[in-house]
Amino acid sequence: MNKTPITQTFENLKKNGRKALIPYVSCGDPSLEFTEKLVLGLEEAGADLVELGIPYSDPVADGPTIQKASQRALAGGVTLEKVMRTASRIRQQARLPLLFMAYYNSIYRPGPERFVVQAAGAGISGLIVPDLPLEEALPLKRAASGAGIDLIFLAAPTSTAARLQKIAKLAGGFVYCVSVTGVTGSRKEMPGGLEEFLSRVRASTDLPLAVGFGVSGPESAARMGSAADGVIVGSSLIERIEKNLHLVQEQPQHVLDEACAYIKSLREALDRV
(Lines give C-alpha, C1' and ligand atoms only; values in the text may rest on other atoms or scores of the structure.)
Protein backbone atom coordinates (compact mmCIF):
# COMPACT_ATOMS: atom_id res chain seq x y z
CA MET A 1 0.00 0.00 0.00
CA ASN A 2 1.29 3.46 -0.89
CA LYS A 3 2.03 5.76 2.01
CA THR A 4 -0.16 8.80 2.35
CA PRO A 5 1.45 12.26 2.26
CA ILE A 6 0.84 12.64 6.01
CA THR A 7 2.44 9.29 6.85
CA GLN A 8 5.40 10.06 4.60
CA THR A 9 5.87 13.49 6.21
CA PHE A 10 5.97 12.07 9.75
CA GLU A 11 8.38 9.34 8.65
CA ASN A 12 10.72 11.88 7.06
CA LEU A 13 10.62 14.05 10.17
CA LYS A 14 11.37 11.09 12.42
CA LYS A 15 14.37 10.09 10.30
CA ASN A 16 15.73 13.61 10.74
CA GLY A 17 14.96 13.76 14.46
CA ARG A 18 12.42 16.55 14.06
CA LYS A 19 8.93 17.19 15.34
CA ALA A 20 5.99 18.15 13.14
CA LEU A 21 4.74 21.73 13.36
CA ILE A 22 1.08 21.96 12.32
CA PRO A 23 -0.52 25.43 12.23
CA TYR A 24 -4.28 25.82 12.05
CA VAL A 25 -5.71 28.66 9.98
CA SER A 26 -9.34 29.73 9.74
CA CYS A 27 -10.14 29.90 6.03
CA GLY A 28 -11.35 33.34 5.01
CA ASP A 29 -10.22 35.22 8.11
CA PRO A 30 -9.99 37.99 7.12
CA SER A 31 -10.20 36.89 3.44
CA LEU A 32 -9.50 33.81 1.36
CA GLU A 33 -6.77 35.70 -0.52
CA PHE A 34 -5.10 36.32 2.84
CA THR A 35 -5.46 32.64 3.78
CA GLU A 36 -3.77 31.57 0.54
CA LYS A 37 -0.78 33.85 1.11
CA LEU A 38 -0.64 32.91 4.78
CA VAL A 39 -0.39 29.16 4.16
CA LEU A 40 2.42 29.66 1.64
CA GLY A 41 4.21 31.88 4.16
CA LEU A 42 3.74 29.35 6.95
CA GLU A 43 5.37 26.68 4.82
CA GLU A 44 8.38 28.91 4.28
CA ALA A 45 8.46 29.62 8.03
CA GLY A 46 8.79 25.93 8.84
CA ALA A 47 5.32 24.40 8.98
CA ASP A 48 5.20 20.72 8.04
CA LEU A 49 1.45 20.35 7.58
CA VAL A 50 -1.38 22.91 7.69
CA GLU A 51 -4.93 22.55 8.95
CA LEU A 52 -7.44 24.54 6.91
CA GLY A 53 -10.36 25.29 9.20
CA ILE A 54 -13.72 25.37 7.42
CA PRO A 55 -15.74 28.16 9.10
CA TYR A 56 -18.85 26.96 10.91
CA SER A 57 -21.45 28.88 12.89
CA ASP A 58 -21.44 26.55 15.91
CA PRO A 59 -17.85 25.31 16.39
CA VAL A 60 -18.39 23.43 19.66
CA ALA A 61 -14.74 22.35 20.08
CA ASP A 62 -13.34 25.83 19.59
CA GLY A 63 -12.75 28.60 22.09
CA PRO A 64 -13.48 32.32 21.67
CA THR A 65 -10.51 33.10 19.41
CA ILE A 66 -11.38 30.57 16.69
CA GLN A 67 -15.11 31.21 17.15
CA LYS A 68 -14.56 34.88 16.33
CA ALA A 69 -12.35 33.99 13.37
CA SER A 70 -15.11 31.73 12.00
CA GLN A 71 -17.68 34.46 12.47
CA ARG A 72 -15.51 36.97 10.60
CA ALA A 73 -15.03 34.52 7.74
CA LEU A 74 -18.73 33.69 7.48
CA ALA A 75 -19.63 37.38 7.61
CA GLY A 76 -17.24 37.88 4.71
CA GLY A 77 -19.16 35.39 2.57
CA VAL A 78 -16.95 32.31 2.85
CA THR A 79 -18.63 29.08 1.76
CA LEU A 80 -17.55 25.47 1.48
CA GLU A 81 -17.23 25.78 -2.29
CA LYS A 82 -14.97 28.83 -1.95
CA VAL A 83 -12.82 27.00 0.61
CA MET A 84 -12.44 24.07 -1.80
CA ARG A 85 -11.28 26.40 -4.57
CA THR A 86 -8.83 28.11 -2.21
CA ALA A 87 -7.41 24.77 -1.09
CA SER A 88 -6.94 23.80 -4.74
CA ARG A 89 -4.99 27.00 -5.45
CA ILE A 90 -2.80 26.44 -2.39
CA ARG A 91 -2.22 22.82 -3.41
CA GLN A 92 -0.82 23.96 -6.75
CA GLN A 93 1.80 26.09 -5.00
CA ALA A 94 2.61 24.35 -1.71
CA ARG A 95 4.47 21.11 -1.05
CA LEU A 96 3.26 20.33 2.45
CA PRO A 97 0.18 18.16 3.19
CA LEU A 98 -3.07 20.08 3.65
CA LEU A 99 -5.77 18.98 6.08
CA PHE A 100 -9.34 20.10 6.51
CA MET A 101 -10.72 20.63 10.01
CA ALA A 102 -14.47 20.59 9.53
CA TYR A 103 -17.58 20.12 11.61
CA TYR A 104 -19.75 17.27 10.45
CA ASN A 105 -22.62 19.41 9.22
CA SER A 106 -20.31 20.72 6.46
CA ILE A 107 -19.80 17.11 5.39
CA TYR A 108 -23.32 15.83 5.99
CA ARG A 109 -24.97 18.43 3.75
CA PRO A 110 -23.19 17.44 0.51
CA GLY A 111 -22.78 13.85 1.76
CA PRO A 112 -19.56 12.09 2.83
CA GLU A 113 -18.82 10.63 -0.60
CA ARG A 114 -19.24 13.92 -2.47
CA PHE A 115 -17.35 15.85 0.20
CA VAL A 116 -14.27 13.61 0.15
CA VAL A 117 -14.22 13.49 -3.66
CA GLN A 118 -14.20 17.30 -3.72
CA ALA A 119 -11.58 17.44 -0.96
CA ALA A 120 -9.34 14.94 -2.71
CA GLY A 121 -9.71 16.91 -5.93
CA ALA A 122 -8.60 20.01 -4.06
CA GLY A 123 -5.48 18.20 -2.86
CA ILE A 124 -6.51 17.55 0.75
CA SER A 125 -4.59 14.74 2.49
CA GLY A 126 -6.29 14.59 5.89
CA LEU A 127 -9.60 15.27 7.54
CA ILE A 128 -10.31 16.18 11.18
CA VAL A 129 -13.95 16.20 12.32
CA PRO A 130 -14.09 17.08 16.03
CA ASP A 131 -17.81 16.46 16.48
CA LEU A 132 -17.93 13.10 14.68
CA PRO A 133 -18.70 10.27 17.16
CA LEU A 134 -16.55 7.17 16.70
CA GLU A 135 -19.69 5.06 16.60
CA GLU A 136 -20.94 6.94 13.51
CA ALA A 137 -17.63 7.38 11.71
CA LEU A 138 -17.57 4.31 9.47
CA PRO A 139 -19.30 5.81 6.39
CA LEU A 140 -16.92 8.77 6.35
CA LYS A 141 -13.96 6.51 7.10
CA ARG A 142 -14.78 4.32 4.10
CA ALA A 143 -15.30 7.31 1.82
CA ALA A 144 -12.08 8.99 2.97
CA SER A 145 -10.02 5.82 2.60
CA GLY A 146 -11.40 5.34 -0.90
CA ALA A 147 -10.27 8.85 -1.81
CA GLY A 148 -6.81 8.43 -0.27
CA ILE A 149 -7.54 10.80 2.62
CA ASP A 150 -6.48 10.06 6.21
CA LEU A 151 -9.30 10.43 8.75
CA ILE A 152 -7.70 11.78 11.92
CA PHE A 153 -9.35 11.26 15.29
CA LEU A 154 -9.03 13.15 18.55
CA ALA A 155 -8.05 11.57 21.86
CA ALA A 156 -8.61 13.41 25.14
CA PRO A 157 -7.20 12.98 28.65
CA THR A 158 -10.58 11.56 29.61
CA SER A 159 -10.48 8.86 26.89
CA THR A 160 -10.59 5.39 28.41
CA ALA A 161 -8.35 2.52 27.32
CA ALA A 162 -11.29 0.95 25.48
CA ARG A 163 -11.98 4.25 23.70
CA LEU A 164 -8.34 4.60 22.69
CA GLN A 165 -8.43 1.11 21.20
CA LYS A 166 -11.42 2.10 19.06
CA ILE A 167 -9.63 5.28 17.94
CA ALA A 168 -6.55 3.24 17.03
CA LYS A 169 -8.61 0.96 14.77
CA LEU A 170 -10.15 3.83 12.78
CA ALA A 171 -7.46 6.54 12.78
CA GLY A 172 -5.10 7.30 9.93
CA GLY A 173 -2.18 9.72 9.56
CA PHE A 174 -1.77 10.63 13.23
CA VAL A 175 -3.77 10.89 16.42
CA TYR A 176 -4.74 14.41 17.49
CA CYS A 177 -4.12 14.43 21.24
CA VAL A 178 -6.08 17.13 23.03
CA SER A 179 -3.85 18.36 25.86
CA VAL A 180 -6.70 19.50 28.11
CA THR A 181 -10.39 18.97 28.60
CA GLY A 182 -12.34 21.90 27.18
CA VAL A 183 -12.13 23.95 24.01
CA THR A 184 -9.27 25.29 21.90
CA GLY A 185 -7.29 28.31 23.06
CA SER A 186 -3.82 29.31 24.21
CA ARG A 187 -3.25 28.87 27.94
CA LYS A 188 -0.79 30.42 30.36
CA GLU A 189 -0.32 27.21 32.32
CA MET A 190 0.87 23.97 30.78
CA PRO A 191 -1.47 21.03 31.32
CA GLY A 192 -0.44 18.55 33.97
CA GLY A 193 -0.24 14.86 33.20
CA LEU A 194 0.53 15.32 29.49
CA GLU A 195 3.28 12.70 29.43
CA GLU A 196 1.10 10.14 31.21
CA PHE A 197 -1.76 10.83 28.79
CA LEU A 198 0.49 10.42 25.75
CA SER A 199 1.88 7.19 27.18
CA ARG A 200 -1.63 5.79 27.38
CA VAL A 201 -2.29 6.75 23.75
CA ARG A 202 1.03 5.26 22.61
CA ALA A 203 0.07 1.98 24.26
CA SER A 204 -2.87 1.79 21.85
CA THR A 205 -1.36 2.81 18.51
CA ASP A 206 1.83 3.09 16.49
CA LEU A 207 0.55 6.20 14.71
CA PRO A 208 2.37 9.51 15.37
CA LEU A 209 0.89 11.65 18.14
CA ALA A 210 0.37 15.38 17.65
CA VAL A 211 -0.65 17.54 20.61
CA GLY A 212 -3.04 20.46 20.26
CA PHE A 213 -5.10 22.84 22.41
CA GLY A 214 -3.10 25.19 24.61
CA VAL A 215 0.07 26.17 22.74
CA SER A 216 0.81 29.78 23.72
CA GLY A 217 4.37 30.27 22.48
CA PRO A 218 7.78 28.68 21.85
CA GLU A 219 8.18 27.41 25.42
CA SER A 220 4.90 25.51 25.51
CA ALA A 221 5.44 24.22 21.96
CA ALA A 222 8.83 22.82 22.99
CA ARG A 223 7.37 21.24 26.11
CA MET A 224 4.62 19.52 24.13
CA GLY A 225 6.99 18.63 21.31
CA SER A 226 9.39 16.93 23.72
CA ALA A 227 6.67 14.43 24.59
CA ALA A 228 4.95 14.04 21.21
CA ASP A 229 5.69 13.67 17.50
CA GLY A 230 4.10 16.96 16.55
CA VAL A 231 2.50 20.13 17.84
CA ILE A 232 -0.68 21.82 16.57
CA VAL A 233 -1.08 25.57 17.05
CA GLY A 234 -4.22 27.53 16.23
CA SER A 235 -5.54 30.15 18.65
CA SER A 236 -2.21 31.82 19.47
CA LEU A 237 -1.52 32.20 15.74
CA ILE A 238 -4.97 33.65 15.08
CA GLU A 239 -4.52 36.05 18.02
CA ARG A 240 -1.55 37.57 16.19
CA ILE A 241 -3.66 38.06 13.08
CA GLU A 242 -6.62 39.37 15.05
CA LYS A 243 -4.65 42.14 16.76
CA ASN A 244 -3.50 43.38 13.34
CA LEU A 245 -6.84 43.24 11.53
CA HIS A 246 -6.87 47.03 11.28
CA LEU A 247 -3.69 46.79 9.17
CA VAL A 248 -4.90 44.14 6.71
CA GLN A 249 -6.12 46.59 4.09
CA GLU A 250 -3.19 49.01 4.24
CA GLN A 251 -0.30 46.75 5.25
CA PRO A 252 -1.26 43.11 4.54
CA GLN A 253 2.36 42.01 4.23
CA HIS A 254 3.10 43.28 7.74
CA VAL A 255 0.29 41.10 9.13
CA LEU A 256 1.53 38.08 7.18
CA ASP A 257 5.12 38.67 8.25
CA GLU A 258 4.21 38.84 11.93
CA ALA A 259 2.17 35.63 11.77
CA CYS A 260 4.95 33.81 9.92
CA ALA A 261 7.61 35.12 12.32
CA TYR A 262 5.63 33.57 15.17
CA ILE A 263 5.54 30.18 13.43
CA LYS A 264 9.26 30.47 12.74
CA SER A 265 9.87 31.01 16.47
CA LEU A 266 7.93 27.81 17.21
CA ARG A 267 9.91 25.95 14.55
CA GLU A 268 13.18 27.02 16.14
CA ALA A 269 11.95 25.99 19.59
CA LEU A 270 10.87 22.56 18.33
CA ASP A 271 14.19 22.05 16.57
CA ARG A 272 15.95 22.46 19.92
CA VAL A 273 13.95 19.61 21.47
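## Aromatic pairs and the surroundings of helix α2

Tyr Y104 and Y108 both belong to helix α5 (residues 104-108), where they lie four residues apart, about one turn of the helix. The structure described here is a predicted model.

**Aromatic rings**

The count of aromatic pairs comes to five. In one of them, the ring centres of F100 and F115 are 6.2 Å apart and the planes meet at 55°; because an angle that is neither under 30 degrees nor over 60 counts as tilted, this pair is tilted. The pair connects distant parts of the chain, with F100 in strand β3 (residues 98-101) and F115 in helix α6 (residues 112-121), 15 residues apart. Both F100 and F115 are buried. Y104 and Y108 also form a tilted aromatic pair, with 6.3 Å from centre to centre and 45° between the planes. Is Y108 buried or exposed? Its relative accessibility is 58%, and Y108 therefore counts as exposed, since the cut-off for exposed is over 50%.

A ring may also face a charge. The charged end of R240 sits over the ring of Y262, at 3.6 Å from the ring centre.

**Helix α2**

Helix α2 (residues 32-45) has 14 residues, which at 1.5 Å a residue should span 20 Å; the C-alpha atoms at its ends are 20 Å apart, so the two values agree. Ten of the 14 residues of α2 are buried, and the helix is therefore largely enclosed by the rest of the structure. Among the buried residues of α2 are L32, F34, L38, V39 and L42. What covers them? The cover of the buried residues of α2 includes β1 (20-26), β2 (50-53), α4 (80-93), β3, α11 (235-242) and α12 (252-271). After α2 comes G46, whose phi is positive, near 120°.

**Strand β1 and its partners**

Strand β1 is mostly covered, as seven of its seven residues are buried. The cover extends to both faces: A20, I22, Y24 and S26 are buried on one side, and L21, P23 and V25 are buried on the other. The table lists two strands that pair with β1.

| Partner of β1 | Sense | Bridges | Residues standing opposite |
|---|---|---|---|
| β9 (residues 230-233) | parallel | four bridges | P23 and V233 |
| β2 | parallel | three bridges | V25 and L52 |

From β1 the chain crosses through α2 to β2, and this β-α-β crossover is right-handed.

Notes: Residues numbered from 1 in each chain as written. Predicted model: local features only at pLDDT ≥ 70, side-chain atom pairs only at ≥ 80, totals over all residues. Heavy atoms only, no water. Phe/Tyr/Trp six-rings, centres within 6.5 Å; stacked < 30°, edge-to-face > 60°. Buried < 20%, exposed > 50% of the residue type's maximum accessible area, 1.4 Å probe, protein only. Lys NZ or Arg CZ within 6 Å of the ring centre and 35° of its normal. Expected span 1.5 Å × (residues − 1). Contact = heavy atoms within 4.5 Å. Pairing = 2+ DSSP bridges. Right-handed = clockwise from strand over helix to strand, strands pointing away.
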